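Dear colleague,

Please find the structure below. My notes on it follow, starting with a question.

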Amino acid sequence: MMKTHDCDLLVVGSGAGGMAAAVTAKLHGLDVLVVEKEAVYGGTTARSGGWLWIPANPLAAREGIADSKEAARTYLQHEAGNHFDAERVDAFLQNGPQMVDFFESKTAVKFVLGPQFSDYHPDAPGALAGGRSICAEPFDGNELGDNIKTLRPPLKEITFVGMMIGSGKELLHFFNVTRSVVSAAYVAKLLVKYMRDVTLHGRAMRLTNGNALAGRLAKSAFDLGIPLWLEAPAQELLRENGAVTGAVIGTKDGPVRVNARKGVVLATGGFPHDIERRKQLYPHAPTGQEHWSPTPSSNTGDGIKLARPLGAHTADELPNAAAWVPVSRVPWSDGSFGTFPHFIDRAKPGVIAVTRTGRRFVNEGNCYHDFCQALVQATKGQSGEICAWLICDHPTLRRYGLGHVKPFPVPIAHQLKNGYLKRGRTLSELAQACGIDPQAFGHTVAEYNRHAVRGEDPEFHKGSTAYNRYLGDPTVKPNPCIAPVQTGPFYAVQVVIGDLGSFAGLKTDAQARVLGENGQPVPGLYAAGNDMASIMGGNYPGGGITLGPAMTFGYIAARHAAGIAT
Ligand SMILES: Cc1cc2nc3c(=O)[nH]c(=O)nc-3n(C[C@H](O)[C@H](O)[C@H](O)COP(=O)(O)OP(=O)(O)OC[C@H]3O[C@@H](n4cnc5c(N)ncnc54)[C@H](O)[C@@H]3O)c2cc1C
């Protein structure tokens, strides 16, 4: 006979959506179990930037930043267009700030404000040039005790030789390491601590960004005594009279029947590695393979597959099925490839992007999601892989780095050797090395440079928005995002399309209940995180628009399961 386990709420998946639900439910008196498919917990969340987009959040209010739910609603309505879902957006705007208060006052989860982290479309109605994005505060991994060993490590490609670098001020210190004694001392101190941690613990113990968020959520769960089963995938939902009453969980000792009196929260992180859904929904990936995702390979759309037999539907009508990000493929010495997401480098002065036609196609400083949409548009009808090259000259490369290539004094020889970084003494030589049309490319750069010397970009207006400028270099005047590409040798890194997580998840209501046949909620079945259809209408309004709703709807689902309707 199959073993059984009883609880009030079963949470499937240990990322931000699942852990927020688990911690909230426990604090509302429910007996909770979290199951995780992998041998490590934290999901994509542990690899992420750890930013949450929460309009009118309490941290901004404390800093005196003026914001309102009404303004945010206007912005989201504008962003989502025909896909605006008023009920769920209102639930998010109402509960988001409460969720932040709840976690900050009752758990180990703490945040810091990004006061200058602008919304991604800051000129749209209701947008704000800073104050809606909050990040997990760095966290000491020692607080997790032995459980640090099973926290998913950060994405290797965005660390510095394994060391996590926090966003904002910390990153600035790294950029300025050869220019400021204060920055050099700051970085040296972090490196010394990192080396000590590696010697003692085999990993970085100063957790930042998404690793800090996953670590803080896990610490909160462990402190409350919530059990977390690893290597325990949910395989099938249990039903009684139309309601979900638990699930069959695979374990090393065989399947276990978990009975959950208040229901199940699906939080398996969406479908970034479900090839069939990619094939169906990603316009740039006709076979599902032409896509590179830095998310964990365990995110194969299990939540959606579990819910389908109950009549659940997915939001396949969204104009973008996932949060796109340009990525480069990093060759590692063992022959494997890593995936580097390009968040910041595109906005730096002296960096432009061209397709193989040699032409620019977008304001390179725009958000990753918009960059990729413009790339797909610009390469329509062209044969070959959908890709672009980020281009810069020698001083720019050594000042800011490019993708996985780090700024001076980190050497670049190995990246030239393994082909990640292309180099040409002249623009024409670089174009030939990349397979770019050399003539058109020469013309593009000449035309760009003609205006760049004055800090202008009449064609694509790079540096024109608060978001562009936030990621630029404030010391470069008059435009922090524009400098000429003129002093050889010249360099290029190829980028292709990847994602940060999927958008086209399960249709849910404002209580995070999964909708079944006839659009009615399935009793006892909730979805949070990327298992739930995004409320952003396929758009990407600001930094943290997946983690903010993930934690908020996890919180809402748990409270509903505990009998508190919001
Ligand atoms: C490099 C990077 C940076 C990012 N930065 C940000 C950011 O700063 N802000 C932001 O909002 N978003 C960011 N994102 C996106 C964000 O990380 C994800 O959207 C978010 O973490 C998804 O959370 P989740 O809880 O839905 O899923 P995850 O965090 O992916 O967790 C899902 C978990 O479920 C497990 N699972 C899968 N199937 C099963 C099963 N059958 N049974 C049990 N467990 C299962 C998985 O193994 C995984 O551990 C970033 C993504 C990347 C890759």
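Which residue in E5 does Val112 stand opposite? Val112 stands opposite Cys135 in E5. Before going further, please keep in mind that this is a predicted model.

The three-stranded sheet

The pair above belongs to an open sheet of 3 strands, ordered E3-E5-E4, with antiparallel pairing. Strand E3 (51–53) and strand E4 (111–113) are at the edges and have a single partner strand each, so one side of each has no neighbour in the sheet. From one strand to the next, the twist averages 35 degrees.

E4 is joined to E5 by 3 bridges, and the two run antiparallel. E3 and strand E5 (residues 133–136) also pair in the antiparallel sense, over 3 bridges. In that pairing, Trp51 stands opposite Cys135 in E5. Cys135 therefore has Trp51 opposite it in one pairing and Val112 opposite it in the other, E5 being flanked by the edge strands E3 and E4.

Two helices go with this sheet. Helix H7 (residues 209–223) lies across E3, E4 and E5, and runs at about 70 degrees to E5. Helix H16 (residues 547–561) packs on the sheet and touches E3 and E4. The direction of H16 makes about 75 degrees with that of E3.

Helix H6

Helix H6 covers residues 181–201, which is 21 residues. From first C-alpha to last, H6 reaches 30 Å, close to the 30 Å expected at 1.5 Å a residue. The buried residues of H6 are Ser183, Val187, Leu190, Tyr194 and Asp197. They lie on the same side of H6, because they cover an arc of only 85 degrees around the axis. The general background is that an α-helix has 3.6 residues a turn, so residues three or four places apart point the same way.

What do the buried residues of H6 pack against? Their partners are helix H5 (169–175) and strand E7 (206–207). On the face of H6 turned away from the buried side are the exposed residues Val181, Lys189, Val192, Thr199 and Leu200.

Both ends of H6 have something to note. At the N-terminal end, Ser180 acts as a cap, with a side-chain oxygen 3.2 Å from the backbone nitrogen of Val182. Just after H6, Gly202 takes a positive phi of about 75 degrees.

The E12-E13 hairpin

E12 and E13 form a hairpin with 5 residues between them. In the turn, Gly335 has a positive phi of about 95 degrees. Strand E12 (residues 322–331) is joined to E13 by 5 bridges, and the two run antiparallel. One residue pair is Arg329 with its bridge partner Thr339 in E13.

Is E13 largely enclosed or largely open? Strand E13 (residues 337–341) has 4 of its 5 residues buried, so it is largely enclosed by the rest of the structure.

Thr245

Thr245 is in strand E10 (residues 243–249). Leaving aside neighbours within four places in sequence, Thr245 is in contact with Leu238, Arg239, Glu240, Val258, Asn259 and Ala260. Thr245 and Lys3 are 242 residues apart in sequence, and their C-alpha atoms are 16 Å apart in space.

Regards

Key
Residues are numbered from 1 along each chain as its sequence is written. This is a predicted model: local features need pLDDT of at least 70, side-chain atom pairs count only at pLDDT 80 or more; totals for chains, interfaces and linings use all residues. Side-chain values use heavy atoms; hydrogens and water are left out. The expected span of a helix is 1.5 Å times one less than its number of residues. Buried means under 20% relative accessible area, exposed over 50%, partly exposed in between (1.4 Å probe, protein chains only). The arc is that of the directions from the helix axis to the C-beta atoms. Contact means heavy atoms within 4.5 Å. A polar contact is a pair of N or O atoms within 3.5 Å; within protein, one must be able to donate a hydrogen and the other to accept it, and residues adjacent in sequence count only if both atoms are side-chain atoms. Two strands pair if DSSP finds at least two bridges between them. Axes are lines fitted to C-alpha atoms, for helices over the stretch in contact, and angles run from 0 to 180 degrees between N-to-C directions.
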